[in-house]
Amino acid sequence: MSNPPPASYFEKAVYATSAASLKQCPGDTGAEIAFAGRSNAGKSSALNALTRNSRLARTSKTPGRTQLLNFFELEPGIRLVDLPGYGFARVPDSVKEQWQKLIDQYLRQRQSLRGLVLVMDIRHPLSDFDCMMLDWASACEMPVHILLSKADKLKKMAQGKQLDLVKHALAKRQQNVSVQTFSALKATGVTPLADRLLELLEVVLISGQSQALAGK
Ligand code: GDP
């Protein structure tokens with residue numbers, strides 16, 4: 001049997017739980033990847049495109065769940081995590097502080113976290129929020145994979161220009177970070193994303209079966 005396309009692994013994602021604190025997160029074993037981004041950057045759409053499940057993001061967007069960590073399981077011990085979007089309009093400072101505290105604790109303490117996917121609108125990359133997340137990841141020596149989302153909004157040439165610009169800015173940072181263009185609308189960039197995530201999760205697909213190498 002030939003190897004399945006890497007993205008097919010992520011179609012298995014099912015909603016597991018939501019957490020308002022580190023204590024409420026699933027057991028800290030195995031491996032997980034967290035998705036972060038400013039609100040409206042296209043994070044939910046990217047998760048939908050990756051998992052080919054439009055209901056997944058709806059789960060995260062359920063009112064009341066937007067400020068929580070939402071966990072999706074791929075197989076026992078292997079998870080995707082949707083971090084709360086940052087930058088909601090009219091959010092009181094107390095909520096922002098709470099958000100920052102939760103994310104900070106999660107990023108610093110979560111043993112099973114293997115990498116961060118940082119979603120940025122290709123037209124407005126490297127916002128203050130994005131740079132803050134990159135600094136966090138750097139301090140924790142956490143690999144980051146950047147999605148320049150909504151690539152379909154730009155012509156091919158302009159996409160390449162934005163990609164180069166971001167790569168150039170990242171080269172100065174000396175951290176484990178990769179970057180690609182992505183369009184949920186056109187479903188472009190799903191395969192390189194899936195490849196990178198499997199690498200970070202240490203999941204190998206062999207003859208239609210996945211083998212999680214991460215300690216469980
Ligand atoms: P989130 O707040 O980061 O989860 O962002 P969403 O995934 O909800 O997307 C925000 C808006 O951008 C929505 O109106 C989406 O339809 C739109 N959007 C997301 N991804 C794409 C894309 O790849 N192309 C285009 N053209 N629009 C997108």
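This briefing covers the ligand shell, helix α1 and three backbone positions with unusual phi values. The model is predicted, and in it 16 residues surround the ligand. Helix α1, spanning residues 43-51, gives the most to that shell, with 3 residues.

**Ligand shell**
- The closest residues to the ligand are G42, K43, S44, S45 and L185.
- Sorted by class, the shell around the ligand is made up of 9 polar, 4 charged and 3 nonpolar residues.

**Helix α1**
- Helix α1 is mostly covered, since 7 of its 9 residues are buried, and the buried set consists of K43, S44, A46, L47, A49, L50 and T51.
- Two of these buried residues, K43 and S44, also appear among the residues listed as closest to the ligand.
- Just after α1, R52 takes a positive phi of about 50°.

**Positive phi in loops**
- Most residues other than glycine have a negative phi, which is the background for the two loop positions below.
- K150, which is not a glycine, has a positive phi of about 60°, and it lies in the loop that runs between β6 (144-149) and α5 (156-171).
- K150 counts as buried because 24 other C-beta atoms lie within 10 Å, where the cut-off for a buried residue is 20 or more.
- A187, likewise a residue other than glycine, has a positive phi near 55°, and it is found in the loop between β7 (177-181) and α6 (190-201).
- A187 counts as partly exposed because it has 15 C-beta neighbours inside 10 Å, a count that falls between the limits of 12 or fewer for exposed and 20 or more for buried.

Conventions: Residues numbered from 1 in each chain as written. Predicted model: local features only at pLDDT ≥ 70, side-chain atom pairs only at ≥ 80, totals over all residues. Near = placed C-beta within 6 Å. Helix = DSSP H or I, 4+ residues; strand = E, 2+ residues; numbered from the N terminus. Nonpolar A, V, L, I, M, F, W, Y, C, P; charged D, E, K, R; others polar.
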